Amino acid sequence: MPANTGRGRLVLTIDVERDWDGTDTRGIDEALPWLLERLRHHGATATFFVVADLTHQVRAVLDPAGPHEVGSHGLTHERLDRIGHDAVRRELTESKSRLEQAGYLVEGFRAPYFAAPPDLSEMVSEAGYRYDASEGRLWPSIRRQSSEDPISPRRVVTSTLRDGRTPLSLTWLRMLHPVAIRSLPASGTSVLYLHLHELLDDTPGWMALAAGLRHVHRRGSGARARSIVDHLLANRRGDVVSCRDALVDAA
Ligand SMILES: [Zn+2]
């Protein structure tokens, strides 16, 4: 691995959902324990945005009294830009209360697929959350993302690579390996996201994806993905934090 993999603080966010949008949950059962062990080893904290209908399974692995933050990733991983206002409100409030009943302090929300209806951040606020983390990209865009601080008191924005166009996600770090890891933001705070299932070897879950997406999404998953994450944690030792920990400084 190259040594120059960016500097500054890295806010680590993990979307906790079913594997590859299918029905399996090996990411929670197998990859989550691995990731928690690596976070502990490297002295890092992270934010897990959990789909609330998986609360029971997550609760068996992720201790609410531990150092990590749990936010909501909706109730069912439904696209919020395709359902009505009342259904969005239900996703926000019921997911929060379900996670809170399991003992988590839920302050942040991230919309599935970053698919946010225009008034989402107000609704997130009305539902009692402290911040919204629904701004981000799944795919590279021709439009450069603004380089303003991704952390403000009510908002956490997922970053891009140094080009301002490619999402700072494990998906793109592994698909563009090894070029992408040399293009991490050079300074300041950046926000990265990943999915637990990306860390799994040979999961058949990716067959649930549309045919055109299978090859790209499978590339570099498993061992390479784990090595990229471990490398980032080691390289920025002491400077990988949850949204909550980063927000303390932004307040
Ligand atoms: Zn998701």
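Donors here are N, O and S atoms within 2.8 Å of the metal. Keep that cut-off in mind as you click through this predicted model.

**Stop 1: the zinc ion**

Select the zinc ion and bring up its donor residues, which follow the sequence spacing E-x55-H-x3-H. They are Glu-17 through OE, His-73 through NE2 and His-77 through NE2, at 2.0 to 2.1 Å. Now colour by accessibility: His-73 has 1% relative accessibility and His-77 11%, so both fall under the 20% cut-off and count as buried.

**Stop 2: Thr-13**

Next, pick Thr-13, which sits in strand E1, residues 9-16. Is Thr-13 buried or exposed? It's buried, with a relative accessible area of 0%.

Show its side chain and look for two polar partners. The side chain of Arg-110 makes a 3.0 Å polar contact with that of Thr-13. On top of that, a polar atom of the Thr-13 side chain lies 2.8 Å from the backbone oxygen of Leu-192. If you select the contacts of Thr-13 beyond four places in sequence, you'll light up Thr-47, Phe-49 and Cys-243, among others, along with the run Val-191, Leu-192, Tyr-193 and Leu-194.

**Stop 3: Ile-28**

From Thr-13, draw a C-alpha to C-alpha distance to Ile-28: the two are 15 Å apart in space and 15 residues apart in sequence. Ile-28 belongs to helix H1, residues 26-42, and is buried at 0% relative accessibility. Which residues does Ile-28 contact once its neighbours within four places in sequence are set aside? Select Val-16, Pro-33, Leu-54, Gln-57, Val-58, Val-61 and Leu-196.

**Stop 4: helix H3**

Now jump to helix H3, residues 85-101. Its 17 residues reach 24 Å from first C-alpha to last, close to the 24 Å expected at 1.5 Å a residue. Highlight Val-88, Glu-91, Leu-92, Ser-95, Lys-96 and Leu-99, the buried residues of H3. Turn the view to look down the axis of H3: these buried residues fall within an arc of 105°, so they line one face of the helix. An α-helix has 3.6 residues a turn, so residues three or four places apart point the same way.

What covers that buried side? The cover includes strands E2 (47-50), E3 (69-72) and E4 (108-109), plus helices H2 (55-59) and H4 (120-126). Flip to the face turned away from the buried side and you'll find the exposed residues Asp-86 and Gln-101.

Finish just after H3 by selecting Gly-103, where phi is positive, at about 105°.

Definitions and conventions:
Residues numbered from 1 in each chain as written. Predicted model: local features only at pLDDT ≥ 70, side-chain atom pairs only at ≥ 80, totals over all residues. Heavy atoms only, no water. Donors = N, O, S within 2.8 Å, 3.2 Å for Na, K, Ca; no water. Buried < 20%, exposed > 50% of the residue type's maximum accessible area, 1.4 Å probe, protein only. Helix = DSSP H or I, 4+ residues; strand = E, 2+ residues; numbered from the N terminus. Contact = heavy atoms within 4.5 Å. Expected span 1.5 Å × (residues − 1). Arc of directions from axis to C-beta. Polar contact = N/O pair within 3.5 Å; in protein donor to acceptor, adjacent residues only side chain to side chain.
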